[in-house]
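Reader: I would like to learn how to read a structure of this kind. Please take me through some features one at a time.

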Amino acid sequence: MSEPTPAEAFAALLARRGDDLVVLVDDFLRIASAGPEAGVLAERDADSLRGMSLIAAFGSAALDGLARRAISAGVVASGEADLGHLNARRFAVDAVPVRGGLVLSLHDISALRRIERVRRDFVANIGHELRTPLTSIKLLAETLSSGAVDDPATMRDFSTQVEREADHLAQLVDELLDLSTIESGATTLSLEALDPEEVVASCLERIGPVAERRDVRVVRLPRRDASVRAWADPARLGQALLNLAHNAVKYSHHGGEVRIGWEPIGDRVRFSVADDGIGVPDAHKERIFERFYKVDRSRVRQKDDTQLGGSAGLGLAIVRHIAEAHGGEVGMATEEGVGSTFWIEVPRAGD
Ligand code: ADP
């Protein structure tokens, strides 16, 4: 069998490489042929790329350098290059010498790099969240064991602080495990037709003592259509609503009021928690349902944090995931200094 010409090899490669970008250049790095994807990347018709220099077509010194290396060494050169509009896409590039030139094969790895970045941020965030309470525990324990404190009241106070930080750590770990189970899709929801009134009543019962300690009044909004049922997992929906109620109490002022209720909206049931607390500044509204996103830790009165757990920025991410697992969604209306209403919608059960 005779050896394929570069043009034949290029055509065969083009047919096999699906979404990848392939470009054939001559020894002077002028484009001899380009696949359609290469045209998309260069923002012009692939045919019109013919005869252009590689650098003029794609404007990437990294790609040009790789190609030059492969030509001068006569061996395959591999690397990465940022290309496309605003260099927003990252490609893994292989430059393969052929007779009279090179075949360049470019594989888009932007998504992979994005995932890696998210994972790095995630680990950095967890590290930071774990480090803070651990540092406090260590300092408190050191002070206690050094014997520097001999007053029993102060010792008790230090021990209480250690306990509080340990509780915070435990809550953080629980939330992380919860989030990872929900995110992985490993949770199977036990869906049933629920009386929304019972969901709200159970939430009120659970948030009551916390709100009381914080001098916040919790009220139930009047009952709507008694025949409506929500199609949801009682434990998960209860957890989501409780998270919203916790936040409403946490970000309320002393003497504030939290209102919990529900209403049918189209083919869904919306459970909402309204407060007249500190609200969310405009700049943060977009990102507040992301995991680890916090507006500002100092906004929560630290002294009262004990019953409310710490603030890791995971609560709303969990609520969002629970809503989405049900095929529903979350939302909010909020104004800084005035208050917020957060809601979760789940499907309405058929009559
Ligand atoms: P956190 O553990 O920090 O409360 P969440 O994910 O539950 O984490 O909330 C993210 C951020 O959203 C909080 O840090 C807070 O700044 C803001 N937030 C949530 N609920 C409310 C609310 N009802 N009123 C004002 N701000 C809120």
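Reader: Which side chain is joined to that of Glu345 by a polar contact of 3.0 Å?

Author: The model is a predicted one. The side chain in question belongs to Arg268. Glu345 has a further polar contact of 2.7 Å, with the side chain of Arg270.

Reader: Is Glu345 buried or exposed?

Author: Buried means under 20% relative accessible area. Glu345 has 5% relative accessibility, so it counts as buried. The residue sits in strand β12, which covers residues 339-347. Apart from neighbours within four places in sequence, its contacts are Ile265, Arg268, Val269, Arg270, Ala323, Gly328 and Glu329.

Reader: How do β11 and β12 pair, and over how many bridges?

Author: Their pairing is antiparallel, with 7 bridges. One of the bridge pairs puts Glu335 opposite Gly339 of β12. The hairpin has 3 residues between the two strands, and there Gly337 has a positive phi near 80°.

Reader: Ala323 was among the contacts of Glu345. What can be said of the helix α11, where Ala323 is buried?

Author: Count the buried residues of a helix to see how far it is enclosed. Helix α11 spans residues 315-325, and 8 of its 11 residues are buried, so the rest of the structure largely encloses it. The buried set is Gly315, Leu316, Ala317, Ile318, Val319, His321, Ile322 and Ala323. These residues pack against α6, α8 (234-250), β11 (329-335) and β12. Just after the helix comes Gly327, with a positive phi of about 80°.

Reader: How do α5 and α6 lie relative to each other?

Author: For a pair of helices, look at the angle between their axes; over 145 degrees counts as roughly antiparallel. The axes of α5 (residues 110-145) and α6 (residues 152-183) cross at roughly 160° and come within 9 Å. The two helices are therefore roughly antiparallel. Their crossing is left-handed.

Reader: Which residues make the contact between them?

Author: On α5 they include Phe122, Ile126, Leu130, Pro133, Leu134, Ile137 and Leu140. On α6 they include Met155, Phe158, Val162, Glu165, Leu169, Leu172 and Leu176.

Reader: Why would residues three or four places apart point the same way?

Author: An α-helix has 3.6 residues a turn, so residues at that spacing point the same way. In α5, Phe122, Ile126, Glu129 and Pro133 are among the residues that touch α6.

Reader: What is the order of strands in the open sheet of 5 strands?

Author: Read a sheet from one edge to the other. Here the order is β2-β1-β5-β4-β3, with antiparallel pairing. β2 (31-34) and β3 (77-83) are the edge strands, each pairing on one side only. From one strand to the next, the twist averages 25°. Strand β1 (residues 21-26) is joined to β2 by 3 bridges, and Leu24 has Ser33 as its bridge partner in β2.

Reader: Which helix lies across β1, β3, β4 and β5?

Author: That is α4 (residues 61-73), which runs at about 160° to β3.

Reader: Which residues does Ile207 contact, leaving aside its neighbours within four places in sequence?

Author: They are Val218, Leu242, Ala245, His246, Val249 and Ile260. Ile207 belongs to helix α7 (residues 196-213), and at 1% relative accessibility it counts as buried. Along the chain, Ile207 and His246 are 39 residues apart, while their C-alpha atoms are separated by 6.9 Å.

Key. Residues are numbered from 1 along each chain as its sequence is written. This is a predicted model: local features need pLDDT of at least 70, side-chain atom pairs count only at pLDDT 80 or more; totals for chains, interfaces and linings use all residues. Side-chain values use heavy atoms; hydrogens and water are left out. Helices (H or I, at least four residues) and strands (E, at least two) are DSSP runs, numbered from the N terminus. Buried means under 20% relative accessible area, exposed over 50%, partly exposed in between (1.4 Å probe, protein chains only). A polar contact is a pair of N or O atoms within 3.5 Å; within protein, one must be able to donate a hydrogen and the other to accept it, and residues adjacent in sequence count only if both atoms are side-chain atoms. Contact means heavy atoms within 4.5 Å. Two strands pair if DSSP finds at least two bridges between them. Axes are lines fitted to C-alpha atoms, for helices over the stretch in contact, and angles run from 0 to 180 degrees between N-to-C directions. Angles under 35 degrees count as roughly parallel, over 145 as roughly antiparallel, 65 to 115 as roughly perpendicular and the rest as oblique. A crossing is left-handed if the near helix is turned anticlockwise from the far one by less than a right angle, and right-handed if clockwise.
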